[in-house]
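Visitor: I have a model open here and would like to talk it through with you. Could we start with the rings and then move wherever the questions lead?

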Amino acid sequence: MSTSSMTLFHNPASPFVRKVRVLLHETGQLDRVTLHACVPTPVKPDAEVIQDNPLGKIPALRLADGNVLHDSRVILDYFDYQHTGTPLIPRNGPARWRRLTLASTADGIMDAAVLVRYETAMRPEEKHWDLWLEGQRDKIRRALDMLEQDAITELAGPFDVAAISVACALAYLDFRHPGMQWRSSHPKLAAWYAEVSQRPSMLQTQPPA
């Protein structure tokens, strides 16, 4: 058993953190990382996180040499070069750009969903900007429509960076925004997610209830 040599600053409720943890499961790298819990917010950053990560973003990964990587896309790319299996991010060619674009679409769903969560959970109700909230929800709906119409066949392939990202985005909608009821208008996406959500990597990274 190897000793963990890196520290992952994480909040189990974050969909961006979950992407990294799922990839660690899928590539057999869990024992290389020690999890360090933190709960930063836009108005209250974590003091330890911002020491080497001025944006205060999580996930953040402190490497064995003390350097810190942040942004889930950067950390996923780093770990994808650290295992000997099939890359989960294609190394080159059209497949690379397509998979990264699908992953970026999923990240956009997460971004909008997290912003809605901050607005509705952290600001007094009388200060909610309803038009802005609906604009964020519209981004989510448009992205889901695109995935439903154009990406199901691709997502049904290897559980790679695109599939991991979409699965974590859908899981976050269930976790924080069940009222959106995304399954009713996206049956193919719902059927795909019902299957991949039962993967051990997804079951073992579920956020707390």
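Visitor: How many aromatic pairs does the structure hold?

Guide: This is a predicted model, and the structure holds 3 aromatic pairs. One of them is formed by Tyr78 and Phe79, which meet edge-to-face with 5.4 Å from centre to centre and 70 degrees between the planes.

Visitor: And is Phe79 buried or exposed?

Guide: Phe79 counts as buried, because its relative accessibility is 0%, whereas Tyr78 is partly exposed, with a relative accessible area of 24%.

Visitor: Why is the pair of Tyr172 and Phe175 called edge-to-face?

Guide: The ring planes of Tyr172 and Phe175 stand at 65 degrees, with the centres 6.3 Å apart, so the pair is edge-to-face; the cut-off for that class is an angle over 60 degrees. Both residues belong to helix α7, and because they are 3 residues apart there, about one helical turn separates them. Tyr172 is buried at a relative accessible area of 7%, while Phe175 is partly exposed at 24%.

Visitor: Okay, on to the core. Which residues of the largest nonpolar core touch the most other members?

Guide: That core has 51 residues, and the ones touching the most other members are Phe79, Leu170, Leu189, Trp192 and Tyr193. At least two residues each are supplied by β1, α1, α3, α4, α5 (130-150), α6 (152-155), α7 (161-176) and α8 (187-196).

Visitor: Which element gives the largest share of this core?

Guide: The largest share comes from α7, with 12 residues.

Visitor: What is Trp192 in contact with, leaving aside its neighbours within four places in sequence?

Guide: With those neighbours left aside, Trp192 is in contact with Leu155, Ala156, Ala163, Val166, Ala167 and Leu170. Apart from the largest core lies another one, of 7 residues, and its members include Phe9, Val49, Ile58 and Ala60.

Visitor: Let's switch to the sheet. What is the order of the strands?

Guide: The sheet is open and its 4 strands follow the order β2-β1-β3-β4, with mixed pairing. At the edges are β2 (33-37) and β4 (68-70), each of which pairs on one side only. On average, neighbouring strands are turned by 25 degrees against each other, direction ignored.

Visitor: Where do helices pack on it?

Guide: Helix α1 (residues 15-27) packs on the sheet where it touches β1 and β2, and its direction makes about 140 degrees with that of β1. Helix α3 (residues 72-80) also packs on the sheet, touching β1, β2, β3 and β4, and the direction of α3 makes about 120 degrees with that of β4.

Visitor: Do β1 and β2 pair in the parallel or the antiparallel sense?

Guide: β1 and β2 pair in the parallel sense, over 5 bridges, and within that pairing Met6 has Val33 of β2 as its bridge partner. With β3 (residues 60-62), by contrast, strand β1 (residues 6-10) runs antiparallel and is joined by 3 bridges; there Phe9 stands opposite Ala60. β1 is mostly covered, 4 of its 5 residues being buried.

Visitor: What does the UniProt record say about residues 4-87?

Guide: The UniProt annotation, from an unreviewed entry, reads "domain: GST N-terminal" and covers residues 4-87. In the model that span is 31% helix and 19% strand, and its end C-alpha atoms lie 22 Å apart.

Visitor: Last topic, then. Where does Met122 lie?

Guide: Met122 lies in helix α4 (residues 93-122) and is partly exposed, with a relative accessible area of 41%. Leaving aside neighbours within four places in sequence, Met122 is in contact with Thr41, Pro42, Val43 and Arg117. From Met122 to Ser72 the C-alpha to C-alpha distance is 24 Å, and the two are 50 residues apart in sequence.

Visitor: And Glu126, is that residue buried or exposed?

Guide: Glu126 counts as exposed, because its relative accessibility is 67%, and this residue is found in the loop between α4 and α5. The C-alpha atoms of Glu126 and Thr205 are separated by 35 Å, with the two residues 79 apart along the chain.

Terms used
Residues are numbered from 1 along each chain as its sequence is written. This is a predicted model: local features need pLDDT of at least 70, side-chain atom pairs count only at pLDDT 80 or more; totals for chains, interfaces and linings use all residues. Side-chain values use heavy atoms; hydrogens and water are left out. Buried means under 20% relative accessible area, exposed over 50%, partly exposed in between (1.4 Å probe, protein chains only). Contact means heavy atoms within 4.5 Å. Two strands pair if DSSP finds at least two bridges between them. Axes are lines fitted to C-alpha atoms, for helices over the stretch in contact, and angles run from 0 to 180 degrees between N-to-C directions. UniProt positions are given in the numbering used here, feature names are shortened, and annotations may be inferred rather than shown by experiment. A nonpolar core is a set of buried Ala, Val, Leu, Ile, Met, Phe, Trp, Tyr and Cys residues joined through side-chain atoms within 4.5 Å. Rings of Phe, Tyr and Trp (its six-membered ring) pair if their centres lie within 6.5 Å; planes under 30 degrees apart count as stacked, over 60 as edge-to-face and the rest as tilted.
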